[in-house]
Amino acid sequence: MADFETDYLVIGAGAVGLAFVDTMLDEDPDCHITIVDMHDKPGGHWNDAYSFVALHQPSAFYGVNSMGFGNDVVDDHGPNKGLFPLANGSEISAYFSHLMNRRFLPSGRVSYHPLSEYLGDGKFKSILSGKETTVDIRRKTVDATFYKTSVPATHTRQYEVAEGTPIAIPGELPDLWMRGDDLPSHYVIVGAGKTAMDAGVWLIQAGVDPDAITWICPRDSWLINRTYTQPGPDFFEDVVGNQIAQLKAAAASETGDEMFEKLGEDGYMLRIDESVKPEMFHYATISEGEVELLRKIKNVVRHGRVTSIAPGAMTFAHAEETVPEDALFIDCTATAVPFTEQRVHGPQFRGDTIVLQPLHVPLVTFSSALTAFLEANFDDDETKNALGVPSPLTDTPNTYPLGMLTNFMNRGAWSQNPKIAAWLSKARLDPTGMTIAKMMAEGDTRLAVMGGFQEAIAVGIPGLQRLAVAAREEHQDR
């Protein structure tokens, strides 16, 4: 016998699950939603992130649709100068706690169960007491765990660490001051992703000599120039110009690699070392100021993945390197999203289950909110899935065109549907929808930049299709 009933049981109280719940509360005023999560507070992996973590993207279009985040005043100092602010981890955690305590729970329509493990079939148990609870799910189970986000604090290292090796995770760096004069003479960043970049920027800004930093970089990455991801009318021409440039680059290229080289030449994509061809692309977004700081690190080791570390020593599959005996290794090898893991995406709507996936990569909270809108406003799974085709996650430049193509195909379908188009014009999480609506209402002349968009679409979509086919064929030949 069930302990209680609910319409939707959402597994996971991270940003994705919360964005879905938020929109469902608005779009279906009669539904009841139950959230089950293993953390003690809402926010998912943000509860485990390092203290100096911050969003890649502007706060203006992160979080949930109903509650604003951040402000409209650009940063006037630091490496993000001239761009909209990026919320840090504590700000994000406070935002989601406020959402739960001031909107969700007071509604009387949300039942929240933290520190609980979902067992399947409508059952979950308390992690602390072991008590099991059974829920009668009237409509659907919503899986908000697709992204399997990992952070250094919860990640299992894939290399050996010899006993006595000084090692830390990024979250421990701000506490180094407690060691007094017993500080390392050298720092080794292990990993090539955005976490490693954040650690490098933090060390330099904290006063560490870049020559006292070694960076183990298995793969270099292409990075999105944050200038071209800004919200609002003042950046609109840059944002649209970026989209036009991407479409034209796709039309003029034979591979995703070539497409990214063209975008890099014009500054739309960035890389830390201009002399190294990046092999990776995970949608990491960075400012030119951060890149300038990271280029000060000259001791970059490129021997692939490290297999083991010991005091003063690093071993790779075909090489070894040394550093000072007291060097502190900083483990930044956690993967925010397991891009290389072979997972079947499948449709989002699967009968009595919804699996939240990206409909516009990399905007995961926007995608989740839109999925809730589809659930509440359309009747059958076939229609919902046709209006929301999951975009594949991207690991390399060559796999990017398929994701971009899916984004454009979804956007085309949404623009042709009056219900969705109206919702997008008011959706805070959509980087351009509200901006375009506002500019049109005011007769803003900067909308003229859209004049080149249709021409770019005409040549760019066939280009993306060609590149996507080439990427599939390359993958099948391996």
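M314 is buried in this predicted model, with a relative accessible area of 1%. This residue is found in strand β16, and its position offers a starting point for a description of the sheets, the surface, the backbone and the charged pairs.

## The sheet around M314

Strand β16 (residues 313–316) is joined to strand β15 (residues 306–310) by four bridges, and the two run antiparallel. Within this pairing, M314 of β16 is the bridge partner of I309. Both strands belong to an open sheet of four strands with mixed pairing, in the order β7-β15-β16-β17. The edges of this sheet are taken by β7 (160–161) and β17, each with a single partner strand, so one side of each has no neighbour in the sheet. M314 also lies 9.9 Å from V188, C-alpha to C-alpha, although 126 residues separate the two in sequence.

## Strand β18 and its partners

Strands of a sheet pair through backbone hydrogen bonds, in either a parallel or an antiparallel sense. Strand β9 (residues 187–190) pairs with β18 in the parallel sense over four bridges, and Y187 stands opposite L328 in β18. Strand β8 (residues 167–168) also runs parallel to β18, to which two bridges join it; here I167 stands opposite F329.

Strand β18 covers residues 328–331, with L328 and I330 pointing one way and F329 and D331 the other. All four of these residues are buried.

The loop between β17 (320–322) and β18 contains E325. In contrast to the residues of β18, E325 is exposed, with a relative accessible area of 59%. Together with D181, D182 and D326, E325 forms a negative surface patch.

## A sheet of three strands

Another open sheet has three strands in the order β12-β11-β13, again with mixed pairing. Its edges are β12 (269–270) and β13 (285–286), each with a single partner strand, so one side of each is left without a neighbour in the sheet. Strand β11 (residues 223–225) runs parallel to β13, the two being joined by two bridges. I224 has T285 as its bridge partner in β13.

The loop between β12 and β13 holds Y283. This residue is buried, with a relative accessible area of 9%, and has a positive phi of about 65° although it is not a glycine.

## Backbone exceptions and a nonpolar patch

Most residues other than glycine have a negative phi, and most peptide bonds are trans. Like Y283, D121 departs from the usual sign of phi: its value is near 55°, positive in a residue other than glycine. D121 is placed in the loop between β4 (116–120) and β5 (123–126) and counts as exposed, at 75% relative accessibility. The peptide bond from V361 to P362 is cis, with omega near 5°. P362 lies in the loop between β20 (353–355) and α7 (364–377).

The loop between β5 and β6 (132–143) contains I127, which counts as partly exposed at 38% relative accessibility. I127, M38 and L128 form a nonpolar patch on the surface, with about 330 Å² of accessible area together.

## Salt bridges

Side chains of opposite charge can pair when their charged atoms come close. The structure holds 25 salt bridges, among them the following.

| Salt bridge | Closest N and O atoms |
|---|---|
| D7 and R138 | 2.9 Å |
| E274 and R295 | 3.2 Å |
| K194 and E290 | 3.9 Å |

D7 forms a salt bridge with R138. Because D7 lies in strand β1 (residues 4–11) and R138 in strand β6, the pair ties together parts that are 131 residues apart in sequence. D7 is buried, with a relative accessible area of 6%, whereas R138 is partly exposed, at 43%.

K194 forms a salt bridge with E290. K194 lies in helix α3 (residues 194–205) and E290 in helix α6 (residues 288–294), so this pair ties together parts that are 96 residues apart in sequence. Both K194 and E290 are buried.

E274 forms a salt bridge with R295. This pair links E274, in the loop between β12 and β13, to R295, in the loop between α6 and β14 (299–301), 21 residues apart. R295 counts as partly exposed, at 35% relative accessibility. Elsewhere, salt bridges that share partners join E5, D7, D28, R138 and R139 into one network.

Definitions and conventions: Residues numbered from 1 in each chain as written. Predicted model: local features only at pLDDT ≥ 70, side-chain atom pairs only at ≥ 80, totals over all residues. Heavy atoms only, no water. Buried < 20%, exposed > 50% of the residue type's maximum accessible area, 1.4 Å probe, protein only. Pairing = 2+ DSSP bridges. Patch = residues over 30% accessible without salt bridge, like charges linked within 9 Å, V, L, I, M, F, W, Y side chains within 5 Å. Areas by Shrake-Rupley, 256 points an atom, 1.4 Å probe, with all protein chains shown as cover. Salt bridge = Lys/Arg side-chain N within 4 Å of Asp/Glu carboxyl O. Lys, Arg positive; Asp, Glu negative; His and termini not counted. Charge placed at Lys NZ, Arg CZ, Asp CG, Glu CD.
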